[in-house]
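Colleague: Can you take me through this one? I have the sequence and the coordinates open.

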Amino acid sequence: MAKEETKRREKKNIIALTGAAALLAVAVNFAISTIYNRNKNRKKKEVLGSNVRINLSASEILKFADRIIAKSKQVQDAVASVPLDKVTYANAILPLAALEAQQFPLIQSCVFPKLVSIYEDVRKASAEAERRIDAHISSCSKREDIYRVIKAFKARGDWMSSEVKQFTQHLIRDFERNGVNLTLTKREELQRLRTQIDELSLQYIRNLDGDKSFLLFSEMELVGLPSEFLKSLDKAENGKFKIVLRSNHVSPVLELCKVGSSRKAVAVAYGRRCEINLSVLQNLIQLRHKLARLLGYANYADYAIDLRMANSSAKVFEFLENISGSLTELASRELSLLKEMKKKEEGEFSFGIEDLPYYVKKARDQQFDLDFGIVKKYFPINLALSGIFKIYQDLFGLRFEEVTDAYVWHQDVQLISIFDLSSSELLGYFYLDIYAREGKYGHTCVVALQNGSLIQNARQIPVVLLISQLQKEVDGRPRLLRFSELVNLFHEFCHVVHHICNRAPFARFSGLRLDPDFVEIPSLVLENWCYESRSLKLISGFHEDITKPIDDEICRSLKKWRFSFSALKLKQEILYCLYDQIIHSTENVDINELFKHLHPKIMLGLPMLEGTNPASCFPRTAIGYQATCYSRIWSEVFAADIFSMKFSDDIFNQHTGMHFRNKVLAPGGAKDPLEILSDFLGREPSIQAFVKCREDSV
């Protein structure tokens with residue numbers, strides 16, 4: 001056994017095979033192998049081309065952060081000292097570009113341990129390092145002396161390339177959005193506004209998080225809910241069940257409870273939480289408009305959207321209204337069916353918006369004989385992951401190879417190098433840290449650790465991390481992925497590949513530093529592979545016999561189920577997006593009356609649920625997504641157009657895959673997103689495919 005183990009370790013594990021037999025070999029040799037039983041005492045090696053520091057101690061992290069800040073200040077002071085009549089690319093722009101490229105992996109070395117370290121002191125030190133570095137970056141973004149130097153370079157018009165011009169314009173834009181071009185008095189006012197906005201945003205969220213309200217129901221009032229769910233609920237002294245007004249309690253009641261009065265009671269209570277937030281949001285909106293005007297914008301929506309693919313609030317309104325209008329006929333048919341279902345089950349009670357989750361789920365369950373408990377038995381985690389790797393390799397002309405002797409922060413972590421299949425060029429690395437452990441960040445996400453760049457003919461390769469919290473084994477057997485988890489992994493892995501394949505010359509436009517309206521589009525395109533029979537068979541195998549892939553009938557049902565009864569729910573999402581856009585583009589709006597007015601107009605006559613105050617418990621308008629809630633639908637529309645036109649006829653067409661890699665993934669943020677998509681499609685994007693795929697599901 002010892003000899004076999006030594007031979008196996010010495011042999012490099014390459015994933016570049018094709019065919020079903022090859023996939024099985026990958027599953028056995030790569031994913032189910034002794035990756036997790038390594039000799040802890042063997043000598044580790046540095047990773048060629050990566051400047052990311054792994055396993056820094058708590059004290060090392062803080063010292064490292066201070067050195068990063070000192071070096072940054074040194075470079076920025078040197079740029080600031082350049083006489084304005086002697087400014088050149090070499091003494092003004094190049095040092096800042098090189099600093100960004102060199103320092104990003106070092107900053108991430110200090111910051112990412114808070115997400116993954118098993119040591120509490122390391123996580124705390126990482127959070128403190130992030131605070132110090134963020135404070136330094138914030139102060140640098142307001143340096144008027146550096147701004148003047150960059151403006152002087154721009155005035156010369158001595159552009160070496162379009163990328164240099166774009167980089168310079170982005171530097172100037174960032175300074176000006178921080179108010180550096182304003183008078184001292186206005187800059188001070190801008191800072192006061194931002195402080196007030198931050199405080200109110202946090203207050204809004206704290207009010208929601210601090211809400212402890214609940215409702216009490218008897219068992220008869222909760223008929224339809226699973227016994228396991230009821231057992232998990234606390235009980236009051238009178239024996240009734242406590243339904244806490246949190247999504248993990250509210251969603252099951254709205255989707256599963258057969259008692260209409262109970263659903264309505266929960267929906268009303270959930271929709272009227274934190275009434276104090278109405279005034280908080282009203283004040284927030286006013287402050288945001290003041291901030292936007294101070295920076296030269298007519299309203300906050302124009303300020304928020306100005307640098308995005310959508311470009312203007314007017315364009316967002318047009319987009320949302322076009323989508324909503326295109327869905328009206330389909331949504332009307334859905335509503336008629338749901339009303340009929342309610343009439344049969346509950347009699348002549350009118351259909352309300354609170355009934356939507358319950359009857360949509362009921363309609364889908366009746367239409368599709370899909371047992372997701374059975375579906376997940378076809379997706380053992382190791383086999384599914386190997387299949388995902390194979391699809392991405394084959395489609396985009398890549399080769400993955402595990403780096404077996406690299407430093408990692410936990411024995412479950414893998415480091416995998418990515419090569420171009422035809423040239424064998426090393427494109428980058430990704431760390432895979434997907435198994436659950438205490439203290440780790442709880443959501444599936446991708447974290448850039450090192451951005452690619454090409455400065456003075458020296459290429460820096462990208463490095464990226466995929467995090468999740470999935471159980472590795474259950475009762476000694478590989479964990480089975482829920483279908484939603486499979487889709488999520490497939491989606492996030494496209495971000496990994498996008499990061500690695502991005503060839504933008506400046507680190508600022510590399511990795512995933514992309515237009516927020518664009519960054520999700522490639523991953524949403526690739527989600528389609530999770531609903532196609534040919535690809536599902538490559539990433540599936542029955543847990544008791546992995547040579548048996550998922551059957552065709554389940555694949556067909558999953559594809560139809562995906563968009564069934566989705567038009568009404570999409571209209572509901574559009575309602576919130578329009579609401580968000582109106583309050584951030586118009587002043588002195590009654591935020592509660594506005595929702596009452598919009599609701600029946602968008603939702604085919606269904607009124608807002610009486611007694612609710614949606615603006616008091618809609619956190620996306622308060623923090624993070626204000627005036628940009630539309631972006632998810634925007635990305636889905638463009639993704640549907642790309643898949644329909646380029647991939648739907650042959651999802652494994654390698655020519656199309658390479659075209660996508662070179663035209664869509666490679667440019668990064670160095671090229672206008674609309675130009676990228678139009679170039680790939682051969683025309684301007686359209687909404688038709690997005691609407692049609694929902695019509696086809698009926």
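**After helix H22**

Modeller: Let me start at one spot in this predicted model. Phe565 follows H22 and has a positive phi, near 50°.

Colleague: What is usual for phi outside glycine?

Modeller: Most residues other than glycine have a negative phi.

Colleague: Back to H22, then. Which of its residues are buried?

Modeller: H22 covers residues 552-563, and its buried residues are Ile554, Cys555, Ser557, Leu558, Arg562 and Phe563.

Colleague: Why would residues three or four places apart go together in a helix?

Modeller: An α-helix has 3.6 residues a turn, so residues three or four places apart point the same way.

Colleague: What do the buried residues of H22 pack against?

Modeller: They pack against helices H16 (356-367), H17 (372-375), H19 (483-501), H21 (533-538) and H28 (688-695).

Colleague: And what happens at the start of H22?

Modeller: Asp551 has a side-chain oxygen within 3.1 Å of the backbone nitrogen of Glu553 there.

Colleague: Back to phi. Where does Cys274 sit, and is it buried or exposed?

Modeller: Cys274 is in the loop between helix H12 (260-271) and helix H13 (277-294). Its phi is positive, near 50°, and it is not a glycine. Cys274 is buried, as its relative accessible area is 12%, and the cut-off for buried is under 20%.

Colleague: Same question for Asn588: which loop, and buried or exposed?

Modeller: Asn588 lies in the loop between helix H23 (567-583) and helix H24 (591-602). Asn588 is exposed, with a relative accessible area of 75%. Its phi is positive too, about 60°.

Colleague: Now the whole thing. How many helices and strands?

Modeller: The protein has 28 helices and twelve strands. Its radius of gyration is 27 Å, close to the 26 Å from the globule rule for 698 residues, so the protein is as compact as a globular protein of that length.

Colleague: What does the C-alpha trace span?

Modeller: About 80 × 75 × 55 Å along the principal axes.

Colleague: How much of the protein is buried?

Modeller: Buried residues are 54% of the 698. The accessible surface is about 31,400 Å², and carbon and sulfur atoms account for 51% of that.

Colleague: What about contacts across the sequence?

Modeller: Of the contacts between residues at least 6 apart in sequence, 75% join residues at least 24 apart.

Colleague: Last one, charges. How far apart are the mean positions?

Modeller: There are 95 positive and 87 negative charges, and their mean positions are 3 Å apart.

How values were computed. Residues are numbered from 1 along each chain as its sequence is written. This is a predicted model: local features need pLDDT of at least 70, side-chain atom pairs count only at pLDDT 80 or more; totals for chains, interfaces and linings use all residues. Side-chain values use heavy atoms; hydrogens and water are left out. Helices (H or I, at least four residues) and strands (E, at least two) are DSSP runs, numbered from the N terminus. The radius of gyration is taken over C-alpha atoms; the globule rule is 2.2 Å times the number of residues to the power 0.38. Buried means under 20% relative accessible area, exposed over 50%, partly exposed in between (1.4 Å probe, protein chains only). Contact means heavy atoms within 4.5 Å. Accessible areas come from the Shrake-Rupley method with a 1.4 Å probe; for residues, only the protein chains shown count as cover. Lys and Arg count as positive and Asp and Glu as negative; His and the chain ends are not counted. The place of a charge is taken as NZ of Lys, CZ of Arg, CG of Asp or CD of Glu. A polar contact is a pair of N or O atoms within 3.5 Å; within protein, one must be able to donate a hydrogen and the other to accept it, and residues adjacent in sequence count only if both atoms are side-chain atoms.
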